[in-house]
Structure formats: C-alpha cells, structure tokens
Amino acid sequence: MMNDKNSTGYTGYEYREITVPKEHASLCLDSYPCFGWEPDPNRDAKIESGNNHFPTGAPREAEATTLYFRRSRNISNKAELTRLQRNFDSCIAELKALERAKTTQATIAALAVGILGTAFMAGSTFAVVAEPPIIWLTILLAIPGFLGWIIPYFLYRALVRKRTAEVEPLVEQKYDEINSICEKGTHLLH
C-alpha cells in the first residue's frame, strides 16, 4: 500500500510512536492504516507494566503498549489525514477517560466510608482505654466503625455497576465516531 517509490527507488518515511492502554492496541493497529500509517517493520510493539493502585476488581491501566508506525512522506491528502488522525487520537483519549470514570466516584466514596469507619473505631478504642472505660460508648462507636469497614466493598461494586451502565452508551458513541473517522480516512487514501 505504501510502495510510493521515486525514480531512485527510495521512499522517505515519517515515523510515529504511540503508547496506548493494552486494550486499545488492536484498535490502533487496525485504525492507523486508515490515515496512511503502516506498522514499522523495523520495530516491534512494546508492552510496559505500570503500578497498580486500583482496588481489586477495578479496571487496571497497569499495562500499556507502545506501537510504532511509519508513513510515506509523499502521501496525498496528508493534511486532511493528519486532521482525521488527531480526531482519532482524541477519541482514544476520551475512551480512556470514560473507562476511568467508571471507577473514580466509586473509589472516592468507598475510601470516604472506610476512613469514616476508621474514625469511629478510633473513637471506640479511646473510649475503651479511658479511665474508667466507657463500655457503652465503645459499643456505640464500634458498630458504625465495623460497618464503615464492611460497606465500602459493596458500595464500590454497586457504584461501579451504576456508573458503567451510564457510561457504556457514551463509549459506544465514541466507537461509532472512530468508525466514521476511519471510513473518511480510507476514502481519502483511495
């Protein structure tokens, strides 16, 4: 497809390196040729692992893939293809933001409830070590303390389910937009 060689048999290329979440690597490999790019045969994709700071069950952005592409410098409609490619890149960034949005509020709420439960448990501990111990206050503070340690797991899961149901239609719209952008790029190449 990119065998545009001049009279000397030489083809000049421009190169691009992108790092995307592992789950979007195939999408980028399938879509970038619509903007005149081809996988660089001289380099292999690289998978990078990151730190995992998410609670169990949360989507992880721990792994990213670096992809390498090249494109002929003599490609026609280069300006319009570059504009479409930027739109595609912004759609990928929005997809990443939507994926993060599924867990952000749930994580904050679960942490807040857990911290509140810990505060109640601290109060309960202080009540039991007071001189003389205040047993009724210890029990009164321990009950919401234990609940504050148990509820976050269920709260997190419920909020993630709710937010996922709200975000999924937006994700599907973004994939439809990506499809439209790629179709326009393909038409410009032919």
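In the predicted model, two helices, α2 (78-129) and α3 (135-189), each contribute at least two residues to a nonpolar patch on the surface. The patch covers about 760 Å² and is formed by Phe126, Val128, Val129, Ile135, Ile139, Ile143, Leu147 and Ile151. The largest contribution comes from α3, which provides five residues.

Leu147, one of the residues that make the patch, lies in helix α3. The relative accessibility of Leu147 is 44%. Leu147 is therefore classed as partly exposed, since that class lies between the limit for buried residues, under 20%, and the limit for exposed residues, over 50%.

The helices that carry the patch belong to a chain with three helices and four strands in total. Read from the N terminus, the order of these elements is β-α-β-β-β-α-α.

Values for the whole chain complete the description. The chain consists of 190 residues, and 34% of them count as buried. About 11,700 Å² of the chain is exposed, with 59% of this area supplied by carbon and sulfur atoms. Among contacts in the chain with a separation of 6 or more, 78% are accounted for by residues 24 or more positions apart.

Definitions and conventions
Residues numbered from 1 in each chain as written. Predicted model: local features only at pLDDT ≥ 70, side-chain atom pairs only at ≥ 80, totals over all residues. Heavy atoms only, no water. Patch = residues over 30% accessible without salt bridge, like charges linked within 9 Å, V, L, I, M, F, W, Y side chains within 5 Å. Areas by Shrake-Rupley, 256 points an atom, 1.4 Å probe, with all protein chains shown as cover. Salt bridge = Lys/Arg side-chain N within 4 Å of Asp/Glu carboxyl O. Buried < 20%, exposed > 50% of the residue type's maximum accessible area, 1.4 Å probe, protein only. Contact = heavy atoms within 4.5 Å.
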